[in-house]
Amino acid sequence: MKRILSSVIIVALVMLAWPMNSHAADSYFQTGFHYDFWASDEDDSGMQFYLPIEVGTKINDISLRVLGSYAYTEVDLSGGQKESLSNFTDTKVNLSYELLDQYDFDLLFGLGFNLPTGYTDLRQSELALVLPPDLISITTFGEGLNVNPTIVITRQWEDWVAGIGLGYTWRDKYDYSTDVQDYDPGDIFSTTFEIRHDLSTTWQARVFGEYLSYGKDEADGNEFYQEGTVWLIGFGAGYDRSMWDLDFNLMSIFRDKSKITDGAGLPTEKYNSHGDEWIGDLTYRYFMTDETTLQAGLQILWIDSNEYPSASPYYIGTRQKITLGCGMTRSFRPDITGALTFRGFYMDDEKNWYHPLEDLQYTGFSLGGTISCTF
């Protein structure tokens, strides 16, 4: 694995260095900051601050993107427990090759890597830092080596565009925590599709979806869990004007029953441990000048309770979250662009795996900024 990891890093560095003397290349560098803060009505609180770095280049039909970050995460729980973790995250490397204008359809071949540069083998007390994704941005501090080949086929005719993608993610084993060693997460097969239609010069509509199938999770060589199949279906619409535009999306996520070990095998659970999810978001952009764009957004999340009885330790209640945000993007020069974003949220969260004894209400906000330059 170390040999594979070294080879991927060397290839990435060579491709990033090559464009410096190549007129056919288009490269960029982006960095910035992101800060999340949350608090509950029971005096729990936490924060996360991370510094992302992203570099990429395109040489003719080949593209490369490398993304990594350094993060600090902290929780301060009402019971007196306080934990923090400062670490590098895993590094993402994505390679792609475009095959355009040669057939009646276009092709995109991708190869993604998750390089294990993050933090694993968490101590028991550090598991308190593994938070729901609706509270902080980074919820996985490190994994094993993952390899993700993909293929995307798109076709355009008149006012229609359609595309379908196939992917497979091979996930290598790693030590998740001191209690879960040699954790081997199941591989993932994915299918995605999207259909777009220009209804007029100002209106567009789209339908999109995704299908995910998971392999069996193992620890110490023993099968113990298999995530249920995931189905995502969504609808979107856009409205464009010369000075502003509006974009709306509504999507639903449905999950089949999972399989959980009973000590003798891996039977399907009696009740579905996942509730259905509904997510709607509305984004408005105002093009104040050629250099400055203002943005505002609203997102509403609804997750139904699962099928287990409320007295069961596997019961997960409903979750409702509303998020409001605003931002600004400005081009300082043709090759330098900056952005600032701010979001605030309120979340009503019934008891679940993170707080199994009581319902909680959360408030919080996120603040972020980026600076990008092309060369």
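**Note on salt bridges, strand pairing and surface charge**

1. Aspartate 349 and arginine 319 are both buried. The model is a predicted one, and this pair is a reasonable place to begin reading it. The two side chains meet in a salt bridge, with N and O 2.8 Å apart. The bridge links distant parts of the chain: arginine 319 belongs to strand E19 (residues 319-333) and aspartate 349 to strand E20 (residues 336-349), with the two positions 30 residues apart.

2. A second salt bridge to look at is that of arginine 333 with aspartate 335, whose closest N and O atoms are 2.9 Å apart. Arginine 333 has a relative accessible area of 48% and counts as partly exposed, because that class lies between the 20% limit for buried and the 50% limit for exposed. Aspartate 335, at 26% relative accessibility, is also partly exposed. As for shared partners, Asp134, Arg319 and Asp349 are joined into one network by salt bridges.

3. How many salt bridges are there by the rule applied here? The count comes to 11. Another of them is formed by arginine 196 and glutamate 194, with 2.7 Å between the closest N and O atoms. Arginine 196 is partly exposed at 42% relative accessibility. Glutamate 194 is likewise partly exposed, its relative accessible area being 26%.

4. Next, the strands around E11. Strand E10 (residues 188-198) and strand E11 (residues 203-214) run antiparallel and are joined by 11 bridges. Between E10 and E11 the chain makes a hairpin through 4 residues. As a landmark for this pairing, threonine 192 stands opposite glutamate 210 in E11.

5. Strand E11 has a further partner in strand E14 (residues 230-240); these two run antiparallel and are joined by 10 bridges. Which residue in E14 is the bridge partner of phenylalanine 208? That residue is glycine 234. In general, the strands of a sheet pair through backbone hydrogen bonds, in either a parallel or an antiparallel sense.

6. A separate point concerns an open sheet of 4 strands, in the order E9-E12-E13-E16, with antiparallel pairing. Its edge strands are strand E9 (183-184) and strand E16 (259-260), each of which pairs on one side only. Strand E13 (residues 222-226) pairs with E16 in the antiparallel sense over 2 bridges. In that pairing, tyrosine 225 stands opposite isoleucine 260 in E16.

7. Which residues gather in a patch of negative charge on the surface? They are Asp41, Glu42, Asp43, Glu358 and Asp359. Glutamate 42 lies in the loop between strand E1 (25-40) and strand E2 (45-59). Glutamate 42 is partly exposed, with a relative accessible area of 34%. That value is over 30%, so glutamate 42 meets the accessibility cut-off for a patch.

8. Last, leucine 367, which is placed in strand E21 (residues 360-374). Is leucine 367 buried, partly exposed or exposed? Leucine 367 is partly exposed, because its relative accessible area of 34% falls between the limits of 20% and 50%. Its C-alpha atom is separated by 19 Å from that of proline 132, and the two residues are 235 apart along the chain.

Terms used:
Residues numbered from 1 in each chain as written. Predicted model: local features only at pLDDT ≥ 70, side-chain atom pairs only at ≥ 80, totals over all residues. Heavy atoms only, no water. Patch = residues over 30% accessible without salt bridge, like charges linked within 9 Å, V, L, I, M, F, W, Y side chains within 5 Å. Areas by Shrake-Rupley, 256 points an atom, 1.4 Å probe, with all protein chains shown as cover. Salt bridge = Lys/Arg side-chain N within 4 Å of Asp/Glu carboxyl O. Lys, Arg positive; Asp, Glu negative; His and termini not counted. Charge placed at Lys NZ, Arg CZ, Asp CG, Glu CD. Buried < 20%, exposed > 50% of the residue type's maximum accessible area, 1.4 Å probe, protein only. Pairing = 2+ DSSP bridges.
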